[in-house]
Amino acid sequence: MASPSSLSPPPVPMQLFARNREKLLRSLRDHLASISRPIQGFVLLQGGDEQTRYCTDHAEVFRQESYFAYLFGVREPGFYGAVDVSSGRSYLFAPRLPAEYAVWLGEIKPLSYFKERYMVDMVFYVDEIVQVLHDHFGEAGKPLLFLLYGQNTDSDNFSKPAELEEMENFETDLNTLHPVLTECRVIKSELELDLIQYANDVSSEAHVEVMRKIRPGMKEYQLESTFLHHSYMYGGCRHCSYTCICATGENSAVLHYGHAAAPNDRTLQDGDISLFDMGAEYHFYGSDITCSFPVNGKFTKEQIIIYNAVLMAHDAVISSMRPGVDWIHMHKLAEKTILESLKAAGLMLGDIDGMMAKRLGAVFMPHGLGHFLGIDTHDPGGYPKGTERSKEPGLKSLRTIRELKEGMVITVEPGCYFIDALLVPALGDPTTSKFFNREEIIKYKNFGGVRIESDLYVTANGCKNLTHCPRTVSEIEAVMAGAPWPLNSGSSKIKEEKGSV
Ligand SMILES: [Mn+2]
């Protein structure tokens with residue numbers, strides 16, 4: 001047996017974050033110039049603080065706030081960071097730690113450590129911010145602060161602007177920074193892409209490990225544990241991008257299964273389909289990957305129909321992606337491809353355009369086709385000012401409706417699910433019931449669902465798939481039967497034989 005992993009956690013170049021700051025400076029200066037405002041003031045961000053469990057002193061493992069992470073790459077809590085818009089100088093402000101810290105939490109690092117590690121121009125203590133910003137403001141009057149305030153279009157929550165004592169001694173601007181900084185995050189640099197690729201390499205390999213270990217009789221959480229162990233043990237990933245969805249059987253039709261009230265605790269039955277949506281995070285940058293396959297390693301006829309319907313949608317979208325392509329169009333392409341397969345298999349009846357006009361794709365795929373991915377799993381910037389969310393089924397769940405641009409990283413995650421809460425009304429509605437073959441659909445009552453999700457980087461003339469998991473029925477069956485991944489030339493013979501099923 002070969003080594004259990006080919007992964008090796010790479011060092012993270014802090015130039016990545018220095019370049020993110022340079023990009024913000026260029027964008028912000030251009031924006032200010034375009035509205036005839038002076039190029040001056042400070043961008044001021046407050047990093048995250050460590051949280052404890054309710055009233056106790058149990059500290060949750062800290063994970064930096066995402067905008068702060070983007071600009072400064074700082075892993076410690078309690079920091080502030082600033083960028084001088086006119087000179088371009090960057091500042092970090094570190095918390096002044098009590099002497100006791102050295103006893104319980106380790107060495108108290110000198111400011112020079114943070115200056116060197118995070119490649120900023122100057123480091124001071126948090127309690128010096130007001131003085132430093134006044135001393136370093138090159139103009140007369142109160143220093144101007146660009147603070148981060150704006151709405152996240154996925155959660156509807158607002159980012160919290162930096163808080164300082166003596167805020168009355170500053171001019172503050174709450175409107176300018178958020179849209180400019182958000183837009184910077186939409187297009188990824190080469191260095192960012194390297195980390196997203198590494199997180200994908202870790203997750204792809206961990207998903208393959210799950211395929212190899214899964215057996216009927218296990219608990220769903222044992223596969224979650226397998227994924228987490230592999231990502232951390234070999235990939236060095238302490239965090240996941242999101243809570244693992246490890247669904248089998250009917251649970252695979254529950255889109256966000258795996259939460260505290262449904263904690264991946266079902267026993268796997270022979271004949272179940274499984275749906276694993278799990279992604280590791282490495283130094284803030286994440287991955288988001290879903291694999292679906294039979295628990296016992298051998299697809300049934302029904303599973304092949306639904307799986308291939310989704311795989312064809314996944315592949316059709318990926319072959320069509322390039323700069324300038326409309327994401328709503330891609331969502332509809334996925335819906336149409338799935339409906340055509342369902343019709344070919346006898347589950348749906350009649351005219352595909354008629355089904356599309358009735359938005360029946362959303363009965364089987366109620367979620368959006370995909371979303372931006374980066375420091376956040378649902379990376380921001382999906383709905384910039386002036387764009388509006390659709391109200392139609394399926395389309396209203398899209399986390400972006402933007403045209404693709406080179407440098408975007410976006411997930412492609414079509415799915416097909418049998419969800420009673422959607423099927424019962426659609427079959428009962430006299431204007432849509434004629435499209436459904438009740439006798440065939442009833443056979444899938446307890447089927448659950450299938451989702452296939454990969455992470456794509458949009459290139460100048462197409463896209464690059466960052467995810468490398470077994471995807472075809474024959475690849476999955478071969479890997480689950482013990483073949484190496486990627487398949488070597490010897491096992492591509494298996495692929496051909498099984499491909500003819
Ligand atoms: Mn996703």
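In which order do the strands of the open sheet of 3 strands with antiparallel pairing that includes strand 13 stand? The legends below begin with this sheet and then turn to other close-up views of what is a predicted model.

**View 1. The open sheet built from strands 13, 16 and 17, with helix 9 lying across it.** The 3 strands follow the order 13-16-17, and their pairing is antiparallel. Strand 13 (409–412) and strand 17 (463–465) are the edge strands, each of which pairs on one side only. Averaged over the sheet and with direction ignored, neighbouring strands are turned by 35° against each other. Strand 13 is joined to strand 16 (residues 454–458) by 4 bridges, the two strands running antiparallel, and within this part of the sheet V409 stands opposite Y457 of strand 16. Helix 9 (residues 301–320) lies across strand 13, strand 16 and strand 17, and it runs at about 150° to strand 13.

**View 2. The packing of helix 9 against helix 10.** Helix 9, which also lies across the sheet of the previous view, packs with helix 10 (residues 327–344) at an angle of about 145°, and the axes of the two helices are 8 Å apart. The crossing in which helix 9 passes helix 10 is right-handed. On the side of helix 9 the contact is made by N308, A309, V310, M312, A313, A316, V317 and S320, while helix 10 contributes M330, L333, A334, T337, I338, S341 and L342. By class, the residues of this contact divide into 11 nonpolar and 4 polar, with no charged residues.

**View 3. The open sheet built from strands 7, 10 and 11, with helix 7 packed on it.** This is an open sheet of 3 strands in the order 7-10-11, and its pairing is antiparallel. Strand 7 (239–240) and strand 11 (285–286) each have a single partner strand and stand at the edges, so one side of each is left without a neighbour in the sheet. Strand 10 (residues 280–282) runs antiparallel to strand 11 and is joined to it by 2 bridges, with Y282 standing opposite Y285 of strand 11. Helix 7 packs on the sheet by touching strand 10 and strand 11, and the direction of helix 7 makes about 145° with that of strand 10.

**View 4. The packing of helix 7 against helix 15.** Helix 7 (residues 190–213) and helix 15 (residues 473–480) pack with their axes 8 Å apart and at an angle of about 65°. The two helices are therefore roughly perpendicular to each other. Helix 7 takes part in the contact through V208, M211 and R212, and helix 15 through I476, V479 and M480. These residues comprise 5 nonpolar and 1 charged, with no polar residue in the contact.

**View 5. The region where domain 1 touches domain 2.** The protein chain is divided into domain 1 (14–186) and domain 2 (190–481), and the C-alpha centres of the two domains lie 36 Å apart. In this region 17 residues of domain 1 are in contact with 19 residues of domain 2. On the side of domain 1 that touches domain 2, the elements giving two or more residues are helix 1 (15–34), helix 2 (66–72) and helix 6 (177–186). Helix 6 gives the most to this side, with 5 residues. The residues on this side of domain 1 divide into 6 nonpolar, 6 polar and 5 charged.

**View 6. The packing of helix 1 against helix 6.** Both of these helices are among the elements that give residues to the side of domain 1 touching domain 2. Helix 1 and helix 6 pack at an angle of about 135°, with their axes 10 Å apart. They are therefore oblique to each other, and their crossing is right-handed. The contact involves N20, K23, L24, S27, L28 and H31 of helix 1, together with V180, L181, E183 and C184 of helix 6. By class, the residues of this contact divide into 5 nonpolar, 3 polar and 2 charged.

**View 7. Backbone geometry at Y54 and at the bond from W485 to P486.** Most residues other than glycine have a negative phi, and most peptide bonds are trans. Y54 has a positive phi of about 45° although it is not a glycine, and its place is in the loop between strand 1 (42–46) and helix 2. The peptide bond from W485 to P486 is cis, with omega near 0°, and P486 is found in the loop between helix 15 and helix 16 (489–499).

Definitions and conventions: Residues are numbered from 1 along each chain as its sequence is written. This is a predicted model: local features need pLDDT of at least 70, side-chain atom pairs count only at pLDDT 80 or more; totals for chains, interfaces and linings use all residues. Two strands pair if DSSP finds at least two bridges between them. Axes are lines fitted to C-alpha atoms, for helices over the stretch in contact, and angles run from 0 to 180 degrees between N-to-C directions. Two residues are in contact if their C-beta atoms, placed from the backbone, lie within 7 Å. Domain bounds come from an automatic or database domain assignment. Ala, Val, Leu, Ile, Met, Phe, Trp, Tyr, Cys and Pro count as nonpolar, Asp, Glu, Lys and Arg as charged, and the others, Gly among them, as polar. Angles under 35 degrees count as roughly parallel, over 145 as roughly antiparallel, 65 to 115 as roughly perpendicular and the rest as oblique. A crossing is left-handed if the near helix is turned anticlockwise from the far one by less than a right angle, and right-handed if clockwise.
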